[in-house]
Amino acid sequence: MENLNRAALRPVECARLVRLGRPDGDGGYVVPDDAVRSARYLLSLGLSDEWSFDEDFLRANPQAQLIGVDHTVGPLFFVGRFCASLFKLLFYALTFNRRKLRKWRRRLDASVRYFSFFRPPHRHIMKRVAATGGASSVSVDALLALAQPAGRHDVFLKMDIEGGEYEVIPAVAAGHERISCIAAEFHDLDREKVRFNEALRKLGEHFAVVHVHGNNCKPYDAGIDFPTVIEITLLNKALLEGSSRPRKDRYPLPGLDAANNPSKPDYALNFD
């Protein structure tokens, strides 16, 4: 039985890593600052109601254009969320439940910000990301074609599509002339060892792992001695400075990484 290739996950040296997105909790990624500031497009696959990474990205690079893709949310979803949030805020204010008040205040805020954030030149495509496009889906190739005029290494890709990442990896790897950096969440490593190893091998032809973090919202699997869901940042090898030496640091990195679930300890990673 094939084992998880943990050795291939050890990050290489990369200068000027920064954290974008929520400083604590789910939604943040550690990425190379240079790749953020040089991008002309941010292709964000998977939004839900948490796009703090995208907001920080555009603050760091106001000239970049955002193309967000998610079939699970849209204007009607956030109008409904806004109405529900108002009702819940009133109810929990009357019952003096501060924890619930904070939760629904965040949801109300996200519902309002959706309409101010996703407006020209930024856009939200309400389709599922798939290997091939269709009436309700869109391919990575089609999304890269939307990012025009085309340039070399001008697209930064963020991807969190709940297991659909394995299906689109061949297209992502094939787009290496456009894609400068990838910040992606990979799911079900305990069940998808073969597909994950193949995805890492395919991406490794043109991209180098520069950061890895375990998502402690999901289990740590003793069989693979690794978290079952991880966040990986890969930089195009054409942009990588230096000799690609493996980092000797212990992960998670203090000052950059943060637990996805702040109420639980973060996962220590074993690459050996």
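The largest cavity in this structure has a volume of about 40 Å³. The structure is a predicted model, and it holds one cavity of 30 Å³ or more. This briefing describes the lining of that cavity and then the packing of two helices, α3 and α4.

**Lining of the cavity**

- Residues from several parts of the chain line the largest cavity: Arg-19, Gly-28, Tyr-29, Val-30, His-211, His-213, Glu-231, Ile-232, Thr-233 and Asp-257.
- Three strands, β2 (29-32), β10 (207-214) and β13 (230-236), each supply at least two residues of this lining.
- Strand β13 gives the most to the lining, with three residues.
- Sorted by class, the lining has three nonpolar, four polar and three charged residues.

**Arrangement of α3 and α4**

- Helix α3 spans residues 75-94 and helix α4 spans residues 98-117.
- The axes of α3 and α4 come within 8 Å and cross at roughly 150 degrees.
- Angles over 145 degrees count as roughly antiparallel, and α3 and α4 are therefore roughly antiparallel to each other.
- The crossing of the two helices is left-handed.

**Contact between α3 and α4**

- On the α3 side, the residues that meet α4 include Pro-75, Phe-78, Val-79, Phe-82, Leu-86, Leu-89 and Tyr-92.
- On the α4 side, the residues that meet α3 include Leu-101, Trp-104, Leu-108, Val-112, Tyr-114 and Phe-115.
- Arg-81 and Lys-88 of α3 are also among the contact residues, as are Lys-100, Arg-105 and Arg-107 of α4.
- By class, the contact of α3 with α4 has 16 nonpolar, two polar and five charged residues.

Definitions and conventions:
Residues numbered from 1 in each chain as written. Predicted model: local features only at pLDDT ≥ 70, side-chain atom pairs only at ≥ 80, totals over all residues. Heavy atoms only, no water. 1 Å grid on protein atoms, 1.4 Å probe; cavity = no way out; pocket = protein on both sides within 12 Å on 5 of 7 lines; lining within 4 Å. Points joined across faces, edges and corners; volume = space filled by probe spheres on them. Helix = DSSP H or I, 4+ residues; strand = E, 2+ residues; numbered from the N terminus. Nonpolar A, V, L, I, M, F, W, Y, C, P; charged D, E, K, R; others polar. Axes fitted to C-alpha atoms, helices over the stretch in contact; angles between N-to-C directions. Parallel < 35°, antiparallel > 145°, perpendicular 65-115°, else oblique. Left-handed = near helix turned anticlockwise from the far one by under 90°. Contact = heavy atoms within 4.5 Å.
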